[in-house]
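Thanks for sharing this one. Here are a few friendly notes to read alongside the model, arranged as numbered points.

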Amino acid sequence: MNASTVTPIGAPVRRKEDKRFITGKGRYTDDLSRPGQAHAYFLRSPYAHARIRTIDTAAAAEMPGVVGVLTGRDLAQDGLGGLICGWMINSKDGSPMRAGAHPALAVDTVRYVGDHVAVVIAETLNLAKDAAAALAVEYEVLPAVPDLAVAQAQGAAQIHEAAPNNTVFEWELGDRAAVEAAFAQAAHVTEIDIVNNRLAPNPMEPRAAIGEYDAGDEAYTLWTTSQNPHVARLVLSAFVGLAPENKLRVIAPDVGGGFGSKIFIYAEETVCAWAAKKVGRPVKWTCERGEAFLCDAHGRDHVTKGRLALDAQGKILGFQVKTIANMGAYLSTFASCVPTYLYATLLSGQYAIPAIYCEVDAVYTNTAPVDAYRGAGRPEATFLVERIVDKAARELGIDPAEMRRRNFITAFPHQTPVIMCYDAGDYAASLDKALEMADYAGFPARRAEAERRGKLRGIGLSNYIEACGIAPSAAVGSLGAGVGLWESAEVRVNPTGNVEVLTGSHSHGQGHETTFAQLVSARLGIPIDQVTVIHGDTDKVQFGMGTYGSRSGAVGMSAIVKALDKVEAKAKKIAAHILEASEGDIEFKDGRFSVAGTDRGLAFAEVALNAYVAHKFPTSEIEPGLKEGAFYDPTNFTFPAGCHVCELEVDPETGTTEIVNWIAVDDFGTVINPMIVEGQVHGGIAQGVGQALMERVAYDGEGQLVTGSYMDYQMPRAEDFPAFKVGMTETRCPSNPLGMKGCGEAGAIAAPPAVINALADALGTQDISMPATPAKVWAIAQARVTRQ
Ligand code: MCN
């Protein structure tokens, strides 16, 4: 399928944007330079917890090339507010969230290693670094609490005055009494302890920002690596108080991955914009990889106890969950939603569970802030559900696939006990297909063959479900968030018939420039190269909510569909006049407006030309031009679901785990571009396997980050994977016009339990935590040999 063809929905169209990226023509923030720009370097706290007694900036300010040295006190003097601290979550006793302030530059206390102490702005980055070394900061080191397990203990150091016991909230969801009743009549109870290890997001492009201030217009421009530039502008304007919205332009040009970590409003971007006015020069900052490990918001970091009540046949009667969620030293922008509304609402998994009760404590520690990372809350929930169901199956002697089948939700819509109403799905269909593709029946023979080679072979299932397409105002509002989400689009038809689509979504690796154009091409019957997708600039696109929660397809593209409906309706009116027919007789098909039952018609481009210049219609009746906008607010989330199967072999001599087969069967509803969707699934699986087998952010007892580089933090590589086998099932999503469900997080959600269930199967123990490193696996394998 090439650029000069009309691209139908469902075609594996190659990514339009890749030509730019693979020929080095991408324009990332760090590729940009502004006339007269200076460079920022942030002095960061070397301590996990300390009081700042004094900062002496005099010597640094005198260093060669220094343009400015700014601290938290300068920021406060200018009346700038702190970074916002998440959505309000009330504790179960009704009391509001107890959040401490989060200044962009610390004022009197630093709370994690890497916290922002001061910024030096100089002619070059090296001069800024040299001057930062001359800053004299006197710290009074305070006891630090980097460990989640002790943060709530009596006598633990207090991180924020506002949060006694370092507890931000104690939240609950579900029906405690109903769950207690379920346990009272259970024939069997399965219990599990889970650690969802802390992860670093590691986008290929580190964060970067350039702030510029135009003293003539009294207006700021911020180029930044954002997944949601409009939300960044709104927050910087309404909460931080940097400038009125109409005096602040935020541009997120090409962005090289985010995985959630670029949704948040960070200190550095805020400071670059503010400092540009202070020093009267554009200010540029590019994060170094070491700084990214220290300061990009981390993901996951939950400690959970789960209990499952079952009858004698393995039917689930009730589920009880207690989770402690690490927030880090400050609440990042969306941190409070992750272990609550994005987590506990998915605890029903794919199963008909009559009663669920979940408690979540959100806890401060002296570590980097924790927020959304690919999947955000849903991988944590899925890991818990899919591990405990698997463990229960093995305790009851039921095949794990059969156990799942006995508990599947089979009728839709299905109201779970934890808010979500699943709209459509066929979980047995994806399980059946996955088992067939995996040759599940043939596994015992493969295991026996592996054993003859001295290898331990295991197979693991993961039947995940997630709520994505994060938008519906009705649902988001009912979650207590008090805000609505939606997406906007504008379709501008040019006089020559080519089209610009402006979207509030932001593409940073998901291929929107292709799939969005593919939709417009299919709908208007014009070649895909005649469609340009514009995003990421608050001066071009009126407003948008950005990209996260696998929402851009289901929500962003639906807004485009609405705008296209309006374009088509207006074009029909114009065509009717030109063709001297009644509007009701005009049909639009394959890029042509024709009078039903005749051979009279007009190409789309002819109507476009008329709309602007030829005017063969009365402009008193129909306004000239062909440009329409729309906002789309769906009625529900989308609920992608599927079954992933991991088959692996462990070498008991070395503890290494080799994944030998991976089956992914996913239901994403209507698929616009199967090639892009498969790529999304592959990337997600890689990140999920990374969590399961190798990735972990670790701090020592004093709160020093000990995984601050790729020497210590292991990322998966291509050689760690077999070729994934991806299959699809399809149930249409009823809450958007295209019937789509999101695909961008599915792999990361599905993968960790598939791996750990397979390892548990191979090693014959349920006592295995993530990341299952070779050292851990070796110790288990050796203990097993000793037992035998
Ligand atoms: N799509 C499709 N058919 C479907 C569903 C989606 O063809 N049924 C297409 C969409 O048109 C889009 C792509 O698949 O081109 C992903 O769509 P969607 O699932 O709606 O997800 P978003 O575009 O909203 O992307 C967000 C999602 C998230 S939340 C994370 S985290 C993530 C991910 O995307 N971060 C990524 N994938 C990533 N991929 C890259 N390369 N980099 C990141 O940072």
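1. Let me start with the sheet in this predicted model. Its four strands follow the order E18-E26-E27-E28, and together they make an open sheet with mixed pairing. At the edges sit strand E18 (456–465) and strand E28 (725–729), each of which pairs on one side only. Direction ignored, neighbouring strands of this sheet are turned by 15 degrees against each other on average.

2. Within that sheet, have a look at how E18 meets strand E26 (residues 641–650). The two strands run antiparallel and are joined by ten bridges. For a concrete place to centre the view, take Gly-460, whose bridge partner in E26 is Cys-646.

3. A helix belongs in this picture too. Helix H19 (residues 746–763) lies across E18, E26 and strand E27 (657–667). Relative to E18, H19 runs at about 145 degrees.

4. Next, a helix pair. Two packed helices are described by the angle between their axes and the distance between the axes. For helix H10 (residues 378–396) and helix H11 (residues 400–407), the axes come within 9 Å and cross at roughly 115 degrees. H10 therefore counts as roughly perpendicular to H11. The crossing of H10 past H11 is right-handed.

5. Which residues in H10 and H11 meet? From H10 they are Val-389, Asp-390, Ala-392 and Ala-393, and from H11 they are Pro-400, Met-403 and Arg-404. Sorted by class, this contact of H10 with H11 holds five nonpolar residues, two charged and no polar ones.

6. Strand E12 (residues 283–286) deserves a moment as well, as it pairs with two strands named here. With strand E1 (residues 38–44), E12 pairs in the parallel sense over two bridges. With strand E9 (residues 208–214), the pairing of E12 is antiparallel and spans four bridges. Val-283 of E12 ties these together: Ala-38 stands opposite Val-283, and Val-283 is also the bridge partner of Gly-211.

7. Finally, the domains. The chain is divided into domain 1 (36–142 + 204–257 + 262–295), domain 2 (302–471 + 636–787) and domain 3 (486–632). Taken over C-alpha atoms, the centres of domain 2 and domain 3 are separated by 40 Å. Their contact draws 20 residues from domain 2 and 18 residues from domain 3. On the side of domain 2 that touches domain 3, eleven residues are nonpolar, seven are polar and two are charged.

Terms used:
Residues numbered from 1 in each chain as written. Predicted model: local features only at pLDDT ≥ 70, side-chain atom pairs only at ≥ 80, totals over all residues. Pairing = 2+ DSSP bridges. Domains from an automatic or database assignment. Contact = placed C-beta atoms within 7 Å. Nonpolar A, V, L, I, M, F, W, Y, C, P; charged D, E, K, R; others polar. Axes fitted to C-alpha atoms, helices over the stretch in contact; angles between N-to-C directions. Parallel < 35°, antiparallel > 145°, perpendicular 65-115°, else oblique. Left-handed = near helix turned anticlockwise from the far one by under 90°.
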